[in-house]
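Here are a few exercises to work through with the model open in your viewer. Try each task before you read its solution.

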Amino acid sequence: MEVKKKRSYKEKLTWFIYKSDGLIFTKDIVAEGIPKSYLAELAKKGELERIAQGAYLKSDALNDKMYTLQHRKPAIIFSHDTALYLHDLSDRDPVTYSITVPVGYNTKKLLAEGLIVFSIKKELVEIGLTQLATSFGRKIKAYNMERTICDIIRSRNKMDIAILTDALKRYVKRKDKNIPLLMEYSEIFRTTKLLNNYLEVLL
């Protein structure tokens, strides 16, 4: 009986690894009723690699770092230059990810991981929140184009100004741009004057 049950767990885990493209998380495995010891067993055999706390990757799979980070830290939102890249408003593939969290969130561990962390009032966190796809096609939380542009303007002293200029040039050429929404956000985030200065030149 025990042998049959053990085989069942292994079969379930093998299927779970397959359907998740080789990237799995301990909490998901536990939710499926599979003991964590089976992950440790596969890691010991070299079939899985522990890439972060609670995260494992199949030995022949590619690591979707953004999705892994999002899954481990559900409160984070990809923002600023990282969001620009996701929206194809920048060619600069972020070596270090920029994220936004609500004020009060403990950022110590995030900073220790080398992330660029921005904090915002809780009532402003969800403005412009959307879902975007990583290069692997998995969904992550990020800000829309209009919110991201306002964030970049607000944080311009901490960033390369060329990133902002290039992003705005690309944005005004986009068919899916939403200037009224951009202006609405600029009022909320107090970037209207600076935004108008840029847009007067580009539009």
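**Exercise 1: the hairpin and its sheet**

Task: find the bridge partner of alanine 52 in β3, then work outward to the sheet.

Solution. Start with the pair: alanine 52 is bridged to alanine 55 in β3. A quick note before going on: this is a predicted model, where local features need pLDDT of at least 70 and side-chain atom pairs count only at pLDDT 80 or more, while totals for chains, interfaces and linings use all residues. Residues are numbered from 1 along each chain as its sequence is written, and side-chain values use heavy atoms, with hydrogens and water left out.

Next, the strands: β2 and β3 (residues 55–58) pair in the antiparallel sense, over 4 bridges. Strands here (E, at least two residues) and helices (H or I, at least four) are DSSP runs numbered from the N terminus, and two strands pair if DSSP finds at least two bridges between them. The two make a hairpin with 2 residues between them, and glycine 54 in the turn has a positive phi of about 75°.

Now zoom out. The open sheet has 3 strands in the order β1-β3-β2, with antiparallel pairing. Its edge strands, β1 (23–25) and β2, each pair on one side only. On average, neighbouring strands are turned by 30° against each other, direction ignored. Axes are lines fitted to C-alpha atoms, for helices over the stretch in contact, and angles run from 0 to 180 degrees between N-to-C directions.

Last, add the helices. α3 lies across β1, β2 and β3 at about 110° to β2, and α4 also lies across β1, β2 and β3, running at about 10° to β1.

**Exercise 2: two pockets**

Task: which elements give two or more residues to the lining of the largest pocket?

Solution. First, the idea: rolling a probe the size of a water molecule over the atoms shows where empty space is left. On a 1 Å grid over the protein atoms alone, a pocket is an open set of points where a 1.4 Å probe fits, with protein on both sides within 12 Å along at least five of seven lines; lining residues have an atom within 4 Å of a point. Points are joined across faces, edges and corners, and the volume is the space filled by probe spheres set on them.

The largest pocket holds about 510 Å³ of space. The elements asked for are β2 (48–52), α4 (65–72) and α5 (80–86). α4 gives the largest share, 5 residues. Of the 23 lining residues, Asp64, Lys65, Met66, Val95 and Tyr97 lie nearest the centre. By type, the lining has 12 nonpolar, 6 polar and 5 charged residues. Nonpolar covers Ala, Val, Leu, Ile, Met, Phe, Trp, Tyr, Cys and Pro, charged covers Asp, Glu, Lys and Arg, and the others, Gly among them, are polar.

Then the second largest pocket, at about 190 Å³. Its lining includes Lys10, Tyr38 and Lys58. Here α1 supplies the largest share, 5 residues, and the lining splits into 6 nonpolar, 2 polar and 4 charged.

**Exercise 3: threonine 82**

Task: is threonine 82 buried or exposed?

Solution. Locate threonine 82 in helix α5. Its relative accessible area is 0%, so threonine 82 is buried. The cut-offs are under 20% for buried and over 50% for exposed, with partly exposed in between (1.4 Å probe, protein chains only). Leaving out residues up to four places away in sequence, threonine 82 touches Met66, Pro94, Thr96, Tyr97 and Ser98. Contact means heavy atoms within 4.5 Å.

**Exercise 4: a helix pair and its loop**

Task: at what angle do α9 and α10 pack?

Solution. Helix α9 (residues 179–188) and helix α10 (residues 192–202) pack at about 145°, with axes 8 Å apart. Leu182, Met183, Ser186 and Glu187 in α9 meet Thr192, Leu195, Asn196 and Leu199 in α10.

Now check the loop between α9 and α10, where you'll find arginine 190. Arginine 190 isn't a glycine, yet has a positive phi of about 55°. Most residues other than glycine have a negative phi. Arginine 190 is exposed, at 80% relative accessible area.
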